[in-house]
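The following exercises ask the reader to work from the sequence and the coordinates. Each task is followed by a solution in steps.

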Amino acid sequence: MGVGVGIGGFITFLTLASCFGDITKVDTSGASEIIARQDKLTLQGVDASHKLAEHDLVRMNKYKELITRVGQKHGLDPAIIAGIISRESRAGSALDHGWGDHGKGFGLMQVDKRYHKIVGAWDSEKHISQGTEILIEFIRRIQAKFPAWPKEHQLKGGISAYNAGDKNVRTYERMDVGTTGGDYSSDVVARSQWFKSQGY
């Protein structure tokens, strides 16, 4: 996403990158075979993640303006928010009247009602902002837990923690053990990288 900045009468465009790390520099193995089966894909890994994200693009574009605004407000790359939304709710298509995960997860970002007070409509800016704030809190917890990790490792750890909690993140290499599908952060990272290539 480009942000216009005026310099001496000229407009330059800067890419909005997360102050929590550069998603394009995060290593990823992509989606597991289990997750790829959601769309009956014979692919797995990064290619599967990209295809899953591509299948969500038309729906995601309905929320692009909200996602971008929330990302700019919180200093988080909008592509990461899109990656979470794609994985959590398939940009809304996996939800039943805004609910998923057997009635426990709410909205595009699947905020868990057992741990958080639900705010806003399921597809609203308030909801996306709440989900983003929860993600950022987990990134900060991982930063505190692993201060020697590079920013990109901390970012990936925070994404993993969004699914399974920060206590589940014990090592960088095995952070997705115990997450849904055993691939959560790697799949979200790969989807986010694809959305980044689409202008998020």
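**Exercise 1. Locate L52, classify it as buried or exposed, and list its contacts.**

Solution. The model is a predicted one.

Step 1. L52 is found in helix α2.

Step 2. Its relative accessibility is 0%, and buried means under 20%, so L52 counts as buried.

Step 3. Setting aside residues up to four places away in sequence, L52 touches A31, I35, A36, Q38, D39, L41, S86, R90 and R191.

Step 4. One of these partners, L41, is 11 residues from L52 along the chain, and the two C-alpha atoms are separated by 8.7 Å.

**Exercise 2. Describe the length, the bend and the surroundings of helix α2.**

Solution.

Step 1. Helix α2 covers residues 46–61, which is 16 residues. From first to last C-alpha it reaches 21 Å, close to the 22 Å expected at 1.5 Å a residue.

Step 2. The helix bends by about 40 degrees at H55.

Step 3. The buried residues of α2 are A48, S49, L52, A53, D56, L57 and M60. The spacing of such a list can be read with a general rule: an α-helix has 3.6 residues a turn, so residues three or four places apart point the same way.

Step 4. The cover over the buried residues of α2 includes α1 (33–36), α3 (64–74), α4 (78–89) and α7 (184–197).

**Exercise 3. Determine the span of α4 and how many of its residues are buried.**

Solution.

Step 1. At 1.5 Å a residue, the 12 residues of α4 should span 16 Å; the end C-alpha atoms are 16 Å apart, which agrees.

Step 2. Of the 12 residues of α4, 12 are buried, so the helix is largely enclosed by the rest of the structure. The buried residues include P78, I80, I84, R87 and E88.

Step 3. What covers the buried residues of α4 includes α1, α2, α3, α5, α6 and α7.

**Exercise 4. Where is R90, and is this residue buried or exposed? Treat D101 in the same way.**

Solution.

Step 1. R90 is found in the loop between α4 and β3 (99–100). R90 has a positive phi of about 55 degrees, although it is not a glycine.

Step 2. With a relative accessible area of 9%, R90 is buried. R90 is also among the residues that L52 touches.

Step 3. D101 is found in the loop between β3 and β4 (105–106). D101 is not a glycine either, yet has a positive phi of about 50 degrees.

Step 4. D101 has a relative accessible area of 43% and is therefore partly exposed.

**Exercise 5. Apply the span test to α5, then characterise I118 in the loop that leads to this helix.**

Solution.

Step 1. The 21 residues of α5 should span 30 Å at 1.5 Å a residue, and the end C-alpha atoms are 30 Å apart, which agrees.

Step 2. Among the buried residues of α5 are H127, Q130, I134, F138 and I142. The buried residues of this helix pack against α3, α4, β4, β5 and α6.

Step 3. I118 is placed in the loop between β5 (111–112) and α5 (125–145). At 26% relative accessibility, I118 counts as partly exposed.

Step 4. Not counting residues up to four places away in sequence, I118 touches W99, F106, V111, K113 and Q130. The C-alpha atoms of I118 and G107, which are 11 residues apart along the chain, are separated by 9.2 Å.

**Exercise 6. Describe the packing of α6 with α7 and the part taken by K156.**

Solution.

Step 1. Two packed helices are described by the angle between their axes and the distance between the axes. Helix α6 (residues 151–164) and α7 pack at about 120 degrees, with axes 8 Å apart.

Step 2. The crossing of α6 past α7 is right-handed. K156, I159, S160, Y162 and N163 of α6 make the contact with Y184, S185, S186, V188 and V189 of α7.

Step 3. K156 lies in helix α6 and, at 6% relative accessibility, counts as buried. Apart from neighbours within four places in sequence, K156 is in contact with V26, D27, T28, Y172, M175, S185, S186 and V189.

**Exercise 7. State the confidence of the model and the stretch where pLDDT is below 50.**

Solution.

Step 1. The mean pLDDT of the protein is 92, and 92% of its residues reach 70 or more.

Step 2. Over residues 1–16 the pLDDT is below 50. Beyond near neighbours in sequence, this stretch has 29 contacts in the model.

Terms used:
Residues are numbered from 1 along each chain as its sequence is written. This is a predicted model: local features need pLDDT of at least 70, side-chain atom pairs count only at pLDDT 80 or more; totals for chains, interfaces and linings use all residues. Side-chain values use heavy atoms; hydrogens and water are left out. Helices (H or I, at least four residues) and strands (E, at least two) are DSSP runs, numbered from the N terminus. The expected span of a helix is 1.5 Å times one less than its number of residues. The bend at a residue is the angle between axes fitted to the seven residues ending there and the seven starting there. Buried means under 20% relative accessible area, exposed over 50%, partly exposed in between (1.4 Å probe, protein chains only). Contact means heavy atoms within 4.5 Å. pLDDT is the predictor's confidence in each residue, from 0 to 100. Axes are lines fitted to C-alpha atoms, for helices over the stretch in contact, and angles run from 0 to 180 degrees between N-to-C directions. A crossing is left-handed if the near helix is turned anticlockwise from the far one by less than a right angle, and right-handed if clockwise.
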